[in-house]
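Visitor: I would like a quick tour of this model. Please take my questions in turn.

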Amino acid sequence: MTTPASDNQAAADTGRSGGLRLNDVTLTLGDGDTAVTALDDVGLTVAPGEFVAVVGPSGSGKSSLLAVAGGLQRPTSGTVHIAGTELTTLSDKERTATRLRHIGFVFQQSNLLASLTVREQLLLPLHIDGRLDTTARTRADELIEAVGLTHRAGSRPHQLSGGERQRAGLARALMTSPAVLLVDEPTSALDRVRSAEAVRLIAEQTHERNTATVMVTHDTVIMDAADRVYEMVDGRLS
Ligand SMILES: Nc1ncnc2c1ncn2[C@@H]1O[C@H](COP(=O)(O)OP(=O)(O)O)[C@@H](O)[C@H]1O
Ligand SMILES: [Mg+2]
């Protein structure tokens, strides 16, 4: 028998343990004759400390999956749980707050702010959240070193190569030790050695910091580092 008290306990446990859960998620984009089913009845559970890879061809729905999982896009139907919170029931404001605090995104385009140095990009989210302290500054410098950008810490995006910008984006996403890390094709602008390093860093952070990580790619290089690999075809996960 389930009592309200045990429900609360279960919810609290899920909240502490983090993780990501998508149930029966469908996403339809566009309408009428041009409507596209970007996600077709997708279910996916990623436990804390687990590194899941999703491989699939261009147009199969990989970026859509991350947009929905990270609360950037509301699914047409289905539910998304992040760190024990059901995203689709939140207001836009609450969803944004949850995203800032619990979700790390590494986008295909690094989305760095033009006027900030690498180090400032990492510190900004904590500054906004009022959590900028010595620990945060130390962590920023450690992550910058981990992605091999120490000599670039004071550089702005236009002074960086495409690969350096992606590595800066990765370091920024790891800065808040997010419960859920969502990575979109991180290796596209990196050479083989650099992309293997980036993937290794993501795997390491996932296991050390108990992050639920999903990485989508068409590059099979990442498959060895992942705990589980799914294939995405026409919006369906298998
Ligand atoms: N804003 C949009 N409006 C209509 N269709 C879209 C939109 N964004 C993506 N799509 C379509 O949704 C499908 C999945 O796209 P996407 O998730 O970007 O795939 P992937 O990341 O695997 O390349 C594709 O058919 C794409 O053309
Ligand atoms: Mg994509």
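Guide: One cut-off before we start. Buried means under 20% relative accessible area, exposed means over 50%, and partly exposed lies in between. Bear in mind that this is a predicted model.

Visitor: Is R74 buried, partly exposed or exposed?
Guide: The relative accessibility of R74 is 38%. Buried needs under 20% and exposed needs over 50%. R74 therefore counts as partly exposed.

Visitor: Which residue forms a salt bridge with R74, and where does that residue lie?
Guide: The closest N and O atoms of the pair are 3.3 Å apart. R74 sits in the loop between helix 2 and strand 4, so the bridge ties together parts that are 18 residues apart in sequence. The partner has a relative accessible area of 48%, so this residue is partly exposed. The partner is D92, in helix 3 (residues 92–102).

Visitor: Which residues are linked in a network of salt bridges?
Guide: The pair of D92 and R74 is a salt bridge. The network links these two with R95. Its members are R74, D92 and R95.

Visitor: How many residues apart in sequence are the parts that E50 and R228 tie together?
Guide: The side chains of E50 and R228 meet in a salt bridge, 2.8 Å from N to O. E50 lies in the loop between strand 2 (36–46) and strand 3, and R228 lies in strand 9 (residues 228–233). The pair therefore ties together parts that are 178 residues apart.

Visitor: Is E50 buried or exposed?
Guide: Its partner R228, at 25% relative accessibility, counts as partly exposed. E50 has a relative accessible area of 19%. The limit for buried is under 20%. So E50 is buried.

Visitor: Which helices do D141 and R119 link?
Guide: Their side chains meet in a salt bridge, 2.7 Å from N to O. D141 is partly exposed at 34%, and R119 is partly exposed at 26%. The two residues are 22 apart in the chain. D141 belongs to helix 5 and R119 to helix 4.

Visitor: How many salt bridges does the structure hold?
Guide: Side chains of opposite charge can pair when their charged atoms come close. The pairs above include E50 with R228 and D141 with R119. The total for the structure is 6.

Visitor: How many residues does the largest nonpolar core have?
Guide: V118, L122, L170, M175, L181, I202 and M215 have the most contacts inside this core. Elements giving two or more residues to the core include strand 3 (51–55), helix 4 (118–128) and helix 7 (192–208). Apart from this core lies another, of 30 residues, L65 and L90 among them. The largest core has 32 residues.

Visitor: How many residues of helix 6 are buried?
Guide: Helix 6 has 13 residues and reaches 19 Å from its first C-alpha to its last, close to the expected 18 Å. Its buried residues pack against strand 6 (103–106), helix 4, helix 5, strand 7 and helix 7. Among the buried residues are E164, R167 and L170. The helix is mostly covered, and the buried count is 11 of 13.

Visitor: Where is L72, and with which residues is L72 in contact?
Guide: L72 is partly exposed, with a relative accessible area of 40%. Its place is in the loop between helix 2 (62–69) and strand 4 (77–82). Leaving aside neighbours within four places in sequence, L72 is in contact with A67, R95, R99, F105 and F107.

Key. Residues numbered from 1 in each chain as written. Chains lettered and ligands numbered in written order. Predicted model: local features only at pLDDT ≥ 70, side-chain atom pairs only at ≥ 80, totals over all residues. Heavy atoms only, no water. Core = buried A, V, L, I, M, F, W, Y, C linked by side-chain atoms within 4.5 Å. Buried < 20%, exposed > 50% of the residue type's maximum accessible area, 1.4 Å probe, protein only. Helix = DSSP H or I, 4+ residues; strand = E, 2+ residues; numbered from the N terminus. Contact = heavy atoms within 4.5 Å. Expected span 1.5 Å × (residues − 1). Salt bridge = Lys/Arg side-chain N within 4 Å of Asp/Glu carboxyl O.
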